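Me: Hello! I am new to this structure and would like to learn how to read its features one by one. Could you take me through them?

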Amino acid sequence: MATVVEEELLESRLSMEDFVKMQSLFLPSDGSDLPVSMQRTEFVEQACSLIGHGSQEEYGHLFDSIDVSRDGWVNWERIASFLLLGLSEKEEHARAASVPRWRPARTLPVSHRDRLHSITHLPTAGYYLSVSKEGTLAMWEEKGLSLLRSHRLANDSVKPKDLWATDMVVLPNVHKLAVSFTSKEICFYDLLSKQEFNLQYKLQGLRYTPIGLHYWYHPERPEQAVLSFGDVGGQVSGVCFRSALISLFERPSAGVEQDSAVSINWAELQQGRHRCCYTVTHTAHTGHWVRTVRFLGSLEAFVSCSTSANTSMVLGWREAESRPLRVTAFHTEKGITDLDFHPELNLIATAGVNNQVCLWNPYLVSKPVGILRGHVASVVAVQFMLRKNQLISFSKDKVLRVWDVASQLCIQRIAGIFPKTQECKTLLFFHEERSRLFLSFNSSLLLLEAKKESGRRTMSHDSVVTCVLYNSLFRQVISSDASSAVTCWLMDTGQKVKQFPRCHGDARISTMALDATQTRLFTAGMDGVVKVWDFNGHCHHSLNAGRGLAVEISQILVLKRTVLVLGWERLITVFRLNSFSQYFVQPAEWKGGVQHHDDVLCAAFRPPQTLVTGSSDGEIIVWNNSTENALRKLNSGTKQQDLKPKSENTFRKASITSARRHSVNSAAKLLCSTLCGEEDTESYGITRLAFLECRKGAAASGGADLVSCGGSGVVHFWNSVNCHLVGEFVAHKDSGSIILTVDSSGHYLATADMDGGVKVWDIQEYCLYPSDRVTNQAPKLLSSLRPHIDCVTHLETCVHGDQLFLISASTDCSLALSYLPGPTIGIFGQETHWRLGGPREGLLEKEKEETREISGGTEECMDVRKNSICSPESSETDHYKLGKDGDEQQPDTRQLQILNDGADMLGWGFEEGCGMQLSDSRQHPYVNGVQSTSLGTFCELRLEELDTVGELNKPDFIINPHLYFGDMWDSSTPAPPPLPETRETGLKAPFDEKSLFPKEVLEQVNRPPEGAQRYTQKVSVMRNYGRALSRSLGKPKASTSGAVKAK
């Protein structure tokens, strides 16, 4: 396997120490302040020799990148400016390309009874405003989003029950609010008056009902502003204010009270009677509603859209006050429902009825510069995120997408969290300063708030990642977090596939498990419920594990006939699969009763019936899962002891001794700490248990087949058959509690600590053979990584494309993928997607190397005597000894070799392009006379060498049969009966058609029939005649006559 990653530039690979060395090249040697400069050849030679990283070609390329003016020299000032500029560009690109991380969606309290028509922000007062169809205006506090008050807008032109608002826009530079109504009016309300929302101006006499408003003012000359609106008749109008800060419209000199509303007639504005403003219009959308209208200040143009194919989008260019608008029309297939403009990129984004989001250059009419495909329903709203150069789009099927404008790719898809109403009017408003996204669905208002950027650290989840699994059926990684969300990721690229939010409501998910078919996912929440899901997000069953209480579940074990749930009490909670007929499933009774003295934290199962559980006080109990009776108990801090099940009066006694008293360096000192003269019992807690599946045969000979870990960073290797400790070592010093996992082949052990560190150990031959003493030497350390910056919560190994991988989850909200063993590939959800290479690329080389190593020592191992055993010295040392130069030497000849786990079960190894080859490791050595095979169908059998068979003595009844059988025995051997005589037939020569069949039959067969039935008829006639002939030949008397007749 290989990960395809673009090669980094030299300046990206250099460290801070390397730049300090490079800076030293430009320091003056005579102590003067004059800058030192270098030519290209001098810089390449000195920098390459001093730093030591990179080639001379790379340093030459770095010189050329710095010397853009081609002066032929560089100094440290130029190098520093180049590096700072490059870092600034990278930071800007990373900030812009980062995916928004939204907080959980929440519904805001509203006072609206009808659908919302507009949402906006009032920057001068720090409020959010919304208006609904019935004219109700709601106001929210910007900081806490609490509903401050609501107000019913007044309009004396119509009765309150007939009031119908269509849109709203804020005029921030003049502190006013404009609202359009179906009475063909636009009312202007003063926000600074003593009377709340006092009506100041009323624009009347419009020909059609205005349905879309927009306001723009010049950032440097705020007195210049434009109010644009579109109506249901297809007309786009604009009111251009010359002195907006003084007055929007001219007020009558006398006869009108100062506090009363001033009525402005639209016809008067068009005739130019108001010197403070003038109007412009165009009717390019005639016959179609103008859905959205914007005035683009940088282009001096009005842009509008409709659902007409011929005039989907129209640009009206403003050239002079006295001249009409110059119109440019853009055509799409089915029209446009919404649009937005990005002034820096000079792009217009449109929401198409044809499910497409298009990016347009205002000066290119023929076709869009980009088409964003992905929606499967009509797009109803679009809006740019100006700071991040991203675009938000929302479709009619309630799917929200976030697009990267530069790459024109969808970087985020959100669905399933929006109200499931059939027909609704949806509005979209994104507040750039607060990174808040408001979406309205009729009268309800939903808020999505983006989290603050957390530097360059990539986070896979919004909260702590609690568990991770690998689904080989779908080739996906499944993770859960503390916000009760389950996320599926593509293993090949690290991209997010789907997410199921709030699986357990507000309760965090503590652990997960897959069934044998990998089509059902079991999730456990802090609410004490275990739910069974399919990968379409449907919950099939709800298991009442906590019996109505909120408990913390640490592990779910899905077996063939039962589901075991544990973590919060001393008893194992069991669910029988035969009771999964209803949605709500109640637990059954565990027949073994309570055997642990503290809460059961973890468990491991080995087919067909061995179950092992570990508790928080360090006890490990071996169970028979079929009978649910406890068999043996061992404790990491005290003597191991047998258990007597309560349901039986007698129990077999197992010979169990305390392995710790045989250990020279007792690990008890490492497992407990003294605090005020008392032992810290938490250091004994068992956090993980794992069976070594490849060592089923070795367990009977005294080797280790069970691994456990817990406090103080110590890993224990146990023999579950004889129930004694075989080995232990400190994996992480001074790290507190640790976790572990073992790959399916039993070659690698992965451990992780509370600081984000992960280590991989080679345990292929560790504690494989019995010894008189407990092994304290650690196995070979293959890799030590730190993919996380906080506590690692879960580890998972998997085989993907014949390559071993390690997946780790952490409380730093990240999910990391690493080779096993090997470096970290990346974080799931990161900006740069990895691409895993072809299958068996790395695994085959490893298998070849391991096969060569084992084949080299096979001949030596076969000379070992039948009853030989590994000495204690060899079992406590590393299997590979280091020479003086640090190179690995051949294994010690006293070390016994076993079959390589990478070889095929039948002794044949397969290599691509090489065909089938006989593996070099087919011959297995013997340990204590027992063949220690660990693979294949017969791994459970105890295969021993057969003793030499001596000469067998015949029993006396065979030597002297007459003494036993008397007269029944006749010493003379009876002659065999004569063979039956064979009868001759009349056939003297082989058959042919002419001699066998009569002439009339042959003539009938040879007569040409019609079509393709000739051959079939010939065969059937011959077959029938042959059957009749054979029956006649079977009779003794008819044999000769039949032959004569045939002639």
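Reply: Gladly! Let us start with a term: two strands pair if DSSP finds at least two bridges between them. Please keep in mind that the model is predicted.

Me: How many bridges join E32 to strand E33, and in which sense do the strands run?

Reply: Strands of a sheet pair through backbone hydrogen bonds, either parallel or antiparallel. Here E32 and strand E33 (residues 476–481) run antiparallel and are joined by six bridges. For one pair of residues to look at, find Cys467, which stands opposite Ser480 in E33.

Me: What is the order of the strands in that open sheet?

Reply: The order is E32-E33-E34-E35, an open sheet of four strands with antiparallel pairing. Strand E32 (465–471) and strand E35 (496–500) have a single partner strand each, so one side of each is left without a neighbour in the sheet. On average, neighbouring strands of this sheet are turned by 20° against each other, direction ignored.

Me: Which residues can I use to follow the pairing onward from E33?

Reply: Try Ser479, which stands opposite Thr487 in E34. Five bridges join E33 to E34, again in the antiparallel sense. Their hairpin has four residues between the strands, and Ser484 takes a positive phi near 70° there. Next, E34 and E35 pair over four bridges, antiparallel as well, and Trp489 stands opposite Lys496 in E35. The hairpin of E34 and E35 has five residues between the strands, with Gly494 at a positive phi near 85°.

Me: Why is strand E34 largely enclosed by the rest of the structure?

Reply: Count its buried residues, where buried means under 20% relative accessible area. In strand E34 (residues 486–490), four of the five residues are buried, so the strand is largely enclosed by the rest of the structure.

Me: Which residues of strand E42 are buried on each side?

Reply: A general idea helps first. In a regular strand the side chains alternate between the two faces of the sheet. In strand E42 (residues 573–576), Thr573 and Phe575 are buried on one side, and Val574 and Arg576 are buried on the other. E42 runs antiparallel to strand E41 (residues 562–566), and four bridges join them. Val563 has Phe575 in E42 as its bridge partner. In their hairpin, which has six residues between the strands, Gly567 takes a positive phi near 140°.

Me: Now helices, please. At what angle do the axes of helix H3 and helix H4 cross?

Reply: Helix H3 (residues 40–51) and helix H4 (residues 56–66) have axes that cross at roughly 130° and come within 9 Å. H3 and H4 are therefore oblique to each other, and their crossing is right-handed. Among the residues making the contact are Phe43, Val44 and Ile51 of H3, with Tyr59, Leu62 and Phe63 of H4.

Me: What is the order of the strands in the open sheet that contains E59?

Reply: That open sheet has four strands in the order E59-E60-E61-E62, with antiparallel pairing. Strand E59 (792–800) and strand E62 (824–827) are the edge strands, each pairing on one side only. Three bridges join strand E61 (residues 815–819) to E62, and Leu817 stands opposite Gly826 in E62.

Me: Last, what is the mean pLDDT of the chain?

Reply: The mean pLDDT is 77, and 74% of the residues reach 70 or more. Over residues 982–987 pLDDT stays under 50, and the model has three contacts beyond four places in sequence for them. Residues 1035–1047 are also below 50, with nine contacts beyond near neighbours in sequence.

Terms used:
Residues numbered from 1 in each chain as written. Predicted model: local features only at pLDDT ≥ 70, side-chain atom pairs only at ≥ 80, totals over all residues. Heavy atoms only, no water. Helix = DSSP H or I, 4+ residues; strand = E, 2+ residues; numbered from the N terminus. Axes fitted to C-alpha atoms, helices over the stretch in contact; angles between N-to-C directions. pLDDT = per-residue confidence, 0-100. Contact = heavy atoms within 4.5 Å. Buried < 20%, exposed > 50% of the residue type's maximum accessible area, 1.4 Å probe, protein only. Parallel < 35°, antiparallel > 145°, perpendicular 65-115°, else oblique. Left-handed = near helix turned anticlockwise from the far one by under 90°.
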